[in-house]
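Hi everyone, thanks for having me. I'd like to walk you through one structure today, so let's get it up on the screen.

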Amino acid sequence: MENKSFKYERQREEMVRNQIEARGIKDPGVLAAFRKVPRHLFVSEALRDQAYGDYPLPIGEQQTISQPYIVAEMTQALELNQDDRVLEIGTGSGYQAAILAQIVYRVYTIERIRSLHIQARNLFDKLHYHNIVTRYADGTKGWRNESPFNAVIVTAGAPAVPEALVNQLVTGGRLVVPVGNQHTQELIKIDRSKNNYQQTNLGGCRFVKLVGEHGWKEA
Ligand code: SAH
């Protein structure tokens with residue numbers, strides 16, 4: 001047992017150095033979070049030995065846990081502060097939410113597939129991540145009762161920037177969302193200022209579909 005956990009610790013450190021720092025991620029809070037969160041516990045037992053690899057992995061229900069680097073890139077782009085409240089759409093395995101929870105005051109995360117929602121909620125309890133609030137719902141409408149948020153992250157590909165999410169940002173708030181077709185997207189960042197929005201394109205990416213009222217329609 002002990003040997004195993006040392007092995008994962010070593011793999012985690014190599015992931016941070018070779019995949020994340022080597023590609024230019026510098027935010028100390030982001031790097032510290034990646035060194036802490038046990039990514040191997042966010043995948044099924046059969047995939048544990050691959051958990052620190054440079055690729056996404058299946059998590060069931062035809063969904064995936066994102067490649068470590070894309071999680072790091074999106075997290076850094078959110079420019080987080082320690083008293084921020086952050087909304088995530090697409091809990092999935094819970095890994096991205098766990099990373100956010102190391103950095104900010106509170107994370108609100110929404111998942112539309114019940115089994116994934118329940119599994120993630122149980123894991124957060126087990127790992128004592130008490131600053132993550134989970135919800136089973138269509139996240140494309142945001143979470144009005146808990147808004148506004150300092151930052152919003154969408155971890156599924158949208159056909160367009162979901163307007164409800166922009167409207168639930170504070171002035172000075174940041175939104176990161178993959179936008180494109182069902183095969184490939186661009187990572188879009190929105191900065192909300194007092195009277196307008198600034199949009200930046202952070203480059204290509206590939207996510208599963210955001211399905212919901214302001215996303216793709218169910219097949
Ligand atoms: N952040 C996750 C990535 C999961 S993949 C992780 O770290 O593992 C994207 C997830 O978004 C899937 O679980 C999918 O079911 C979910 N999703 C898709 N559309 C959604 C919607 N409208 N509301 C909430 N979750 C959604």
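Let's start with the ligand and what is around it. This is a predicted model, and in it 26 residues surround the ligand. Which ones come closest? Those are Glu88, Ser93, Glu111, Gly139 and Val211.

What kinds of residues make up that shell? We get 11 nonpolar ones, 10 polar ones and five charged ones.

Now for some polar contacts between backbone and ligand. Gly139 has a polar backbone atom 2.8 Å from a nitrogen atom of the ligand. At Gly90, a backbone N or O atom is 3.0 Å from a ligand nitrogen. And with Gln96, it's an oxygen atom of the ligand that lies 3.1 Å from a backbone N or O atom. How much of the ligand does the protein cover? On its own the ligand has 570 Å² of accessible area, and the protein covers 99% of that.

And where does the ligand sit? You'll find it in the largest pocket. If you want to trace the shell on the screen, look for strand 2 (63-65), strand 3 (85-89), helix 4 (95-103) and strand 4 (106-111), the elements that give two or more residues to it. Strand 2 gives the most, with three residues.

Okay, let's zoom out to the whole chain. If you count up the elements, you get six helices and nine strands. The radius of gyration is 16 Å, and the globule rule gives 17 Å for 219 residues; those two are close, so the chain is as compact as a globular protein of that length. As for its dimensions, the C-alpha trace spans about 55 × 35 × 35 Å along its principal axes.

Before I stop, two backbone details. As background, most peptide bonds are trans, and most residues other than glycine have a negative phi. Here, though, Ser147 and Pro148 are joined by a cis peptide bond, with omega at about 0 degrees. To find Pro148, go to the loop between strand 5 (132-136) and strand 6 (149-154).

The other detail is Glu79. What's phi there? Near 45 degrees, so we have a positive value in a residue that isn't glycine. Glu79 is also in a loop, the one between helix 3 (68-77) and strand 3. You've met strand 3 already: it's one of the elements that give two or more residues to the shell around the ligand.

That's my tour, and I'm happy to take questions.

How values were computed: Residues numbered from 1 in each chain as written. Predicted model: local features only at pLDDT ≥ 70, side-chain atom pairs only at ≥ 80, totals over all residues. Heavy atoms only, no water. Near = heavy atom within 4 Å. Polar contact = N/O pair within 3.5 Å; in protein donor to acceptor, adjacent residues only side chain to side chain. Areas by Shrake-Rupley, 256 points an atom, 1.4 Å probe, with all protein chains shown as cover. 1 Å grid on protein atoms, 1.4 Å probe; cavity = no way out; pocket = protein on both sides within 12 Å on 5 of 7 lines; lining within 4 Å. Sits in = over half its atoms within 2 Å of the grid points. Helix = DSSP H or I, 4+ residues; strand = E, 2+ residues; numbered from the N terminus. Nonpolar A, V, L, I, M, F, W, Y, C, P; charged D, E, K, R; others polar. Rg over C-alpha atoms; globule rule 2.2 N^0.38 Å.
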